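I opened this notebook to record what I looked up in the model. The entries follow in the order in which I made them.

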Amino acid sequence: MLFGLIMVLTFTGSLSAAEAGRSEVRTMLIGALGCNLAWGLIDAIMYLMGCLSERAAGLRTLAAVQRATTMEEAQDVILQAVPPVIGRVLTPADVERIRDELTRTRLPANRARLVGEDWLGAAGVFLLVFASTIPVVVPFMLLDEATVALRLSNAIAMAMMFACGYAFGHLAGYRRWLTGGSMVLLGGLLVTLTIALGG
């Protein structure tokens, strides 16, 4: 969502409100919607690739455990596969129980494949990126005064960035209000850099 906001702001931010007529606004709207449509598709594809890579990594771990010639080698494979914060609290008995289960698990004959849940996730990613465009461009559709529309659009974008940062702060365990404000500043900086670099 944040990426979608940054992309659409590069279009609205490069619009000169004092000189923009209806044709310039229309061109900006088409460009912003088209760009986020394309990036929504790209992000969805990258999400699917990530799902496939993660599933393949799981199959490689399973195969490595079953190929291990010693119990210690199999346990090392398991400990390397789990996040360090979890690996540190696993007892030898825990690791052995996992090893025993994996040893008795049948290794799939097929390679890693995408499942329905992955496709739903990709659709969600696409909708998040593309839908983030809509609130920001709505003022240009409803208002004839480009200056007022631009200010309202920027206010909406800042509010959405703050909401993204607030939610991220909640998930990551950071101070939510501070993270929300930081996300607005970071987003503004990235938009400025993107415009300055010709993005």
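I began with E96 and R99, which stand three residues apart in helix 5 and are therefore separated by about one helical turn. Their side chains meet in a salt bridge, at 2.6 Å from N to O. I took a salt bridge to be a side-chain nitrogen of Lys or Arg within 4 Å of a carboxyl oxygen of Asp or Glu. Helices here are DSSP runs of H or I with at least four residues, numbered from the N terminus. E96 counts as partly exposed at 22% relative accessibility, whereas R99 counts as buried at 16%. For these words I kept the cut-offs of under 20% relative accessible area for buried, over 50% for exposed, and partly exposed in between, with a 1.4 Å probe and protein chains only. I then noted that D100, E101 and R104 are joined into one network by salt bridges that share partners.

I recorded the basis of the work. This is a predicted model, in which local features need pLDDT of at least 70 and side-chain atom pairs count only at pLDDT 80 or more, while totals for chains, interfaces and linings use all residues. Residues are numbered from 1 along each chain as its sequence is written, and side-chain values use heavy atoms, with hydrogens and water left out.

I returned to helix 5 (residues 92–103), where D94 and R97 lie three residues apart, about one turn of the helix. The side chains of D94 and R97 form a salt bridge of 2.7 Å, N to O. The structure holds five salt bridges.

Which parts of the chain does the pair R55 and D118 link? I found R55 in helix 2 and D118 in helix 6, 63 residues apart, so I entered the pair as one that links distant parts of the chain. The R55 and D118 side chains meet at 2.6 Å, N to O. R55 is partly exposed at 30% relative accessibility; D118 is buried at 5%.

I next looked up N36, also in helix 2. At 0% relative accessibility, N36 counts as buried. Beyond residues up to four places away in sequence, N36 touches G4, M7, V8, V129, F130, S132 and T133, contact being heavy atoms within 4.5 Å.

I turned to the nonpolar cores, each a set of buried Ala, Val, Leu, Ile, Met, Phe, Trp, Tyr and Cys residues joined through side-chain atoms within 4.5 Å. The largest has 18 residues, and L9, L29, V136, F140 and M161 have the most contacts inside it. Two or more residues of this core come from each of helix 1 (2–13), helix 2, helix 7 (133–142), helix 8 (146–172) and helix 9 (176–196). Helix 8 gives the most, with five residues. Apart from this core lies another, of seven residues, among them V65, A74, V77 and I78. For V136, I listed contacts with L5, V8, L9, T12, S153, I156, A157 and M160, leaving aside neighbours within four places in sequence.

I checked the cysteines last. C35 is buried, with a relative accessible area of 16%, and C164 is buried at 17%. With a disulfide taken as a pair of cysteine sulfur atoms within 2.5 Å, I entered a count of zero disulfides.
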